[in-house]
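Here is a short report on a two-chain model. Keep the structure open as you read.

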Amino acid sequence: MTLNEWLKGFLIMLRRNFFRFLVALTGMVALMSAPAHALVELNINKGNVEPMPIAISDFLQGELGQKISDVVAADLKRSGLFAPIDRNAFIEKISNPDAAPRFEDWKVINAQALVTGRVTQEGDGRLKAEFRLWDTFAGQQMTGQQFFTQPENWRRVAHIIADAIYERITGEKGYFDTRIVYVAESGPKTARKRQLAIMDQDGANARAVTNSNDIVLTPRFSPNKQEITYMSFEGNEPRVYLLQLETGQREVVGNFPGMTFAPRFSPDGQRVIMSLQQDGNANIYTMDLRSRTTTRLTNTAAIDTSPSYSPDGSRIVFESDRGGRQQLYVMGADGSGQTRISFGDGSYSTPVWSPRGDLIAFTKQSGGKFSIGVMKTDGSGERILTTGFHNEGPTWAPNGRVLMFFRQNAGAGGPQLYSIDLTGYNEQLVPTQGFASDPAWSPLLE
Amino acid sequence: MSRIQAPAAGRMNSIARNPVMVALFMTLAIAGCASKKNLPNSAGELGLNAATPGSQQDFTVNVGDRIFFDTDSTSIRADAQSTLDRQAQWLQKYPNYAITVEGHADERGTREYNLALGARRAAATRDYLASRGIPASRIKTISFGKEKPVAVCDDISCWSQNRRAVTVLGGAGM
């Protein structure tokens, strides 16, 4: 299979046309890229795409170069779209990443693409990382970029390089230079300790951002990644909070007379939307973070919760049991036109609007099983991605290709995080030190 | 679209076919159930009757501090009504206590919905106690959703213990 053929297959799988082959050049000089190959002749009878064999040579020089190429390879492998080739199979040893490689040596081991690179230290102490992506069968360079950063950010540079490769080959934005905020859980079920923690999307660099014995739940990143909104039981007063990551400053969101929960940001970061519990009913409110004004959006004798904005901010999907059991509803951002969209067997909850705007992910309970699925925004085209004893709480990668959620297996001591492709393929455990739940994906960091 | 679901089924099958996984799964399932603890709800179960009248122990042991709910339900069952009737009588006898009603849900629901469901159960319990003469001003409510189970296993024997409203003397804290 040539790279062109692989690309065709990839396009079919995505069922989208990509003619966006502008290479985003971060800052510095770009090494010229070859023109994109023609991408035509979509064969819609082809099924799942085979991961593309790709050779990722050790970046020169030394240990850090190798560590960076390891992280690049791991990112691409976890995406399920690439199959990095074992370095022991390499014939050519790259000694000059600026020169064209011996393409024959890479074709013979079936590498459709080759990544070469170099890491050097600048006079001011910064790290300079460069890479080139080669189409081995066409014998051409596809892209080349370089980045400068502080040495401790080497993992981020690796993720940014992996994103650049992913974008150049698939035509889609990557999602590797992102973080996950989640609830880190430890201790027995009957006395569980919960802290908010942030880690890179691959599980590295995990750190706690709260440390108390209060229950903390359902964190979400603000669009600018500087704040987190979440729910805490501090002082036995369950409320929605806002946490400034830089300063550690915390505040209660709004002055509501009862429990507030299920907070999320609006896409412009100006509002927090959440539920307010009053007696047996929960209704959805927003609070404008500048003016502090609150607005009530739903008013029913039911549980209305888990709101999620469409990416353009014009609509909101939420769950309500106003019809007897939990179902998904869509309304305008002002609360107008509340319309039920889920009509399948079972109950539906925790809807999350895709960053692309075209799909809504959800948790579905049916037949004693908990599933993660997606549907179109009008409720049609439901697809279940994974089913089991307990799967809950999907969150979208910023490119809308991958979902993360938490799963508790029967008999397991606690939940863990998993990611899965939008196609339902490539389910992966996301490594965390202890138990973990309520993952929320950040936007791209760059 | 059927191809989308194929790999999930494939994974399930491959787990089921793997004897080590099955054995591990069974062991864990059994261990999980063995460790469940059903909290005593009455003096008879505990074999204790010697609590000082008017004490927390008296309330928990002789009156019963908790009621249970059916799945997804917030209605006060007949057995729960008699517990709450005893609670109301006791609270009228000892009027200095303020109370907090804690609402809880089992783990077979999503986290946010369960927070609201627990709140509904706490509110229903408060309303029942109020209807039996306990002033609402003495009663605070809080929901812990599914976050504080007392019984830990993966079947209904535990879930039914966790769908509860607990009356706590003095304030929330359990």
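## Two oblique helices in chain B

α5(B) and α6(B) are oblique to each other, because their angle of about 55 degrees falls outside the ranges for roughly parallel, roughly antiparallel and roughly perpendicular. This is a predicted model. Helix α5 covers residues 78–93 of chain B, and helix α6 covers residues 111–131 of chain B. Their axes lie 9 Å apart. The crossing of α5(B) past α6(B) is right-handed.

Which residues make the contact? From α5(B) come B:Leu84, B:Gln87 and B:Ala88. From α6(B) come B:Thr125, B:Tyr128 and B:Leu129. Sorted by class, the contact of α5(B) with α6(B) holds 4 nonpolar and 2 polar residues, with no charged residues.

## The two chains

Chain B contains 7 helices and 4 strands. In sequence order, the pattern of chain B is α-α-α-α-β-α-β-α-β-α-β. Chain A contains 4 helices and 29 strands.

The table sets out burial and contact separation for each chain. The last value is the share of contacts at a separation of at least 6 that join residues at least 24 apart in sequence.

| Chain | Residues | Buried | Contacts at least 24 apart |
|---|---|---|---|
| Chain A | 446 residues | 48% | 45% |
| Chain B | 174 residues | 39% | 68% |

## Where the chains touch

How many residues does each chain give to the contact? Chain A gives 36 residues and chain B gives 29 residues. On the side of chain A that touches chain B, the elements that give two or more residues are β9 (216–221), β13 (260–265), β14 (271–278), β17 (304–309), β21 (347–353), β24 (383–388) and β25 (391–396) of chain A. The most comes from β24(A), with 4 residues. By class, this side of chain A has 12 nonpolar, 19 polar and 5 charged residues.

## Backbone points to check in chain A

Some backbone features deserve a look. Most residues other than glycine have a negative phi, and most peptide bonds are trans.

Start with the peptide bond between A:Leu60 and A:Gln61. That bond is cis, with omega about -10 degrees. A:Gln61 sits in the loop between β1 (52–56) and α2 (62–78) of chain A.

Next, look at A:Asn110. A:Asn110 is not a glycine, yet its phi is positive, at about 70 degrees. The residue lies in the loop between α3 (103–107) and β3 (113–121) of chain A. Is A:Asn110 buried, exposed or partly exposed? A:Asn110 counts as partly exposed because it has 14 C-beta neighbours inside 10 Å. Exposed would need 12 or fewer, and buried 20 or more.

A:Asn236 also has a positive phi, of about 55 degrees, although it is not a glycine. Its place is the loop between β10 (227–232) and β11 (239–244) of chain A. A:Asn236 has 15 C-beta neighbours inside 10 Å, so A:Asn236 counts as partly exposed.

Methods. Residues numbered from 1 in each chain as written. Chains lettered and ligands numbered in written order. Predicted model: local features only at pLDDT ≥ 70, side-chain atom pairs only at ≥ 80, totals over all residues. Contact = placed C-beta atoms within 7 Å. Nonpolar A, V, L, I, M, F, W, Y, C, P; charged D, E, K, R; others polar. Axes fitted to C-alpha atoms, helices over the stretch in contact; angles between N-to-C directions. Parallel < 35°, antiparallel > 145°, perpendicular 65-115°, else oblique. Left-handed = near helix turned anticlockwise from the far one by under 90°.
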